[in-house]
Every structure is written in structure tokens, then in C-alpha cells.
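Subject: Structure handover

Hello,

Here is the structure I promised to pass on. Please open it first, then read my notes below.

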Amino acid sequence: METSIFVSLRNLSRCEMTESFFKEIKEELRSGLSEKGHPFRYFTLGTVGLDRMARLRTVVLRKLSGDMSLTFFTDARSKKIIHIKENNKVSLLFYHPEKMLQLKVEGLAKTNRDPTLLKKYWSEVNGPSKKDYTTALAPGSRISDPDTLDYLDAEDYFCAVEVNPHKIEYLKLKRPNHVRIRFSRTADGWKSEFLVP
């Protein structure tokens, strides 16, 4: 089956071939939003602040727009927000172990401050998860006992972060040939080029 896919891909033009892979990227990201247990639901976010140390953490994919912007939610007091203010260039890493598919995304992050949109997003967060954005202390603060964490009643630090990608690198490990493609955003859309895996 896998071999027949590659045979059929050889009959496509280079442009048609990379378009099919870009379509797969979109489909997998959409599946991360809609399918429970899909590996793209969670991804690794990399930031670098003024200390120039790369910081990695796992976040949840919440939205995908038509222009490929990705949104996740966080506490406005978190270190990732501080880093994004200091340097808004970020990297994202998605991995699908069954399909041996990795996506590396580079882009610019910004916090979304639209109150109407934030209210809509907040309404979509389930009840128990809302308390994650209402801790009295900022994320990463020292505490003596996790069972004595205080929560705010009338205040929250809910924040939405949008990442506007300018580069997406697709890597699929398979036989007979691995496939690696770099997609770069240009004024005319996405330009693609095959890379050595």
C-alpha cells in the first residue's frame, strides 16, 4: 500500500506532490482539534527569552484558522508570555507516532486581546479547567503544598496566544523513501521545497 502511494506520487508534478502533503498537514492539524486522542492535540512550544535559554513545554491546540494560524490558551502570568513579550519568535513541534509524522513550525506569536473573542474562548473552556487560570499565585511560583493552592473567585488570567507560522517543515519516516518538505510563507502563498531527510 505504502509503495503504491509513492508510485502514484511519482506521476504527479512537483507542485501537485507538495500540495498533497500540505493538505495532509491541514487535515492532521484539524484532526488534532476534533478527534479525541489524536497526537496533534498536544504539541511542544519552544520560546527563547532575554536569557537566551530555549524553554520547552507542552500546550494544547485550541484553534486552527484558514491561514494556518494556531491558537493555544495559557495563564497571562506564565513564563511563556514573558518570553513571547521579549522575543515573539517561537517554534512548535507536533509528532504522530503511528504515522511517523513530524511537523516543525516556526512563526511569530502574539497574545490575542480582543475581549469579544476571549469571552467566546473562555465560554468554551470546561468548568473544572477554568480554575487553572484563577490561581492566586502565578504559574511557577513556589508553594509548600499543592493541596493548599488558593484560587480567585472573581478574577482570572485567561489568555489566548496565536502563532502565525512562516515556515512549516514536514517529515514522514517511511520506506522506500523518507519525505521531508519545507513550506515557507510568501506574499503569494506557501512555497515548497524538498529537503534531504
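The chain holds five helices and nine strands. Please keep in mind that this is a predicted model. In sequence order, the elements run α-α-β-β-β-β-α-β-β-α-α-β-β-β. The C-alpha trace spans about 60 × 35 × 35 Å along its principal axes.

Some totals come next. The chain has 197 residues, and 37% of them count as buried. About 12000 Å² of the chain is exposed. Carbon and sulfur atoms supply 51% of that area. I also looked at contacts between residues at least 6 apart in sequence. Of these, 57% join residues at least 24 apart.

Now the aromatic rings. The structure holds 11 aromatic pairs. One of them is formed by Trp122 and Phe158. Their ring centres are 5.0 Å apart, and the planes meet at 55°. The pair counts as tilted, because the angle falls between the 30 degrees that limits stacked pairs and the 60 beyond which a pair is edge-to-face. This pair links distant parts of the chain. Trp122 sits in helix H4 (residues 115-124), while Phe158 belongs to strand E7. The two are 36 residues apart. Phe158 has a relative accessible area of 10%, so this residue is buried. Both rings also belong to a cluster. Ring pairs link Phe73, Tyr121, Trp122, Tyr133 and Phe158 there.

Next, look at Thr18. This residue is found in helix H2, which covers residues 14-34. Is Thr18 buried or exposed? Thr18 is buried, because its relative accessible area is 3%, under the cut-off of 20%. What does the side chain of Thr18 meet in a polar contact? The partner is the side chain of Ser192, at 2.9 Å. Leaving out residues up to four places away in sequence, Thr18 touches Ile181, Phe183, Ser192 and Phe194.

Three loops deserve a stop as well.

- Arg52: This residue lies in the loop between strand E1 (42-48) and strand E2 (54-60). Its phi is near 60°, a positive value in a residue other than glycine. With a relative accessible area of 74%, Arg52 is exposed.

- Met100: Look in the loop between strand E5 (89-96) and strand E6 (101-112). Phi of Met100 is near 55°, again positive in a residue other than glycine. Met100 has a relative accessible area of 34%, so this residue counts as partly exposed, the class between 20% and 50%. Met100 also helps to make a nonpolar surface patch, together with Tyr95 and Leu173. The patch measures about 240 Å².

- Pro176: The loop between strand E7 (158-172) and strand E8 (179-186) holds this proline. The peptide bond from Arg175 to Pro176 is cis. Its omega is near 10°.

For a quick tour, I suggest three stops. Begin at the Thr18 and Ser192 side chains, which make the polar contact. Move on to the Trp122 and Phe158 rings, the tilted pair. Finish at the cis peptide bond before Pro176.

Over to you.

Best wishes

Conventions:
Residues are numbered from 1 along each chain as its sequence is written. This is a predicted model: local features need pLDDT of at least 70, side-chain atom pairs count only at pLDDT 80 or more; totals for chains, interfaces and linings use all residues. Side-chain values use heavy atoms; hydrogens and water are left out. Helices (H or I, at least four residues) and strands (E, at least two) are DSSP runs, numbered from the N terminus. Buried means under 20% relative accessible area, exposed over 50%, partly exposed in between (1.4 Å probe, protein chains only). A polar contact is a pair of N or O atoms within 3.5 Å; within protein, one must be able to donate a hydrogen and the other to accept it, and residues adjacent in sequence count only if both atoms are side-chain atoms. Contact means heavy atoms within 4.5 Å. Patches are made of residues with over 30% relative accessible area and no salt bridge: like charges are joined within 9 Å, nonpolar side chains (Val, Leu, Ile, Met, Phe, Trp, Tyr) within 5 Å. Accessible areas come from the Shrake-Rupley method with a 1.4 Å probe; for residues, only the protein chains shown count as cover. A salt bridge is a side-chain nitrogen of Lys or Arg within 4 Å of a carboxyl oxygen of Asp or Glu. Rings of Phe, Tyr and Trp (its six-membered ring) pair if their centres lie within 6.5 Å; planes under 30 degrees apart count as stacked, over 60 as edge-to-face and the rest as tilted.
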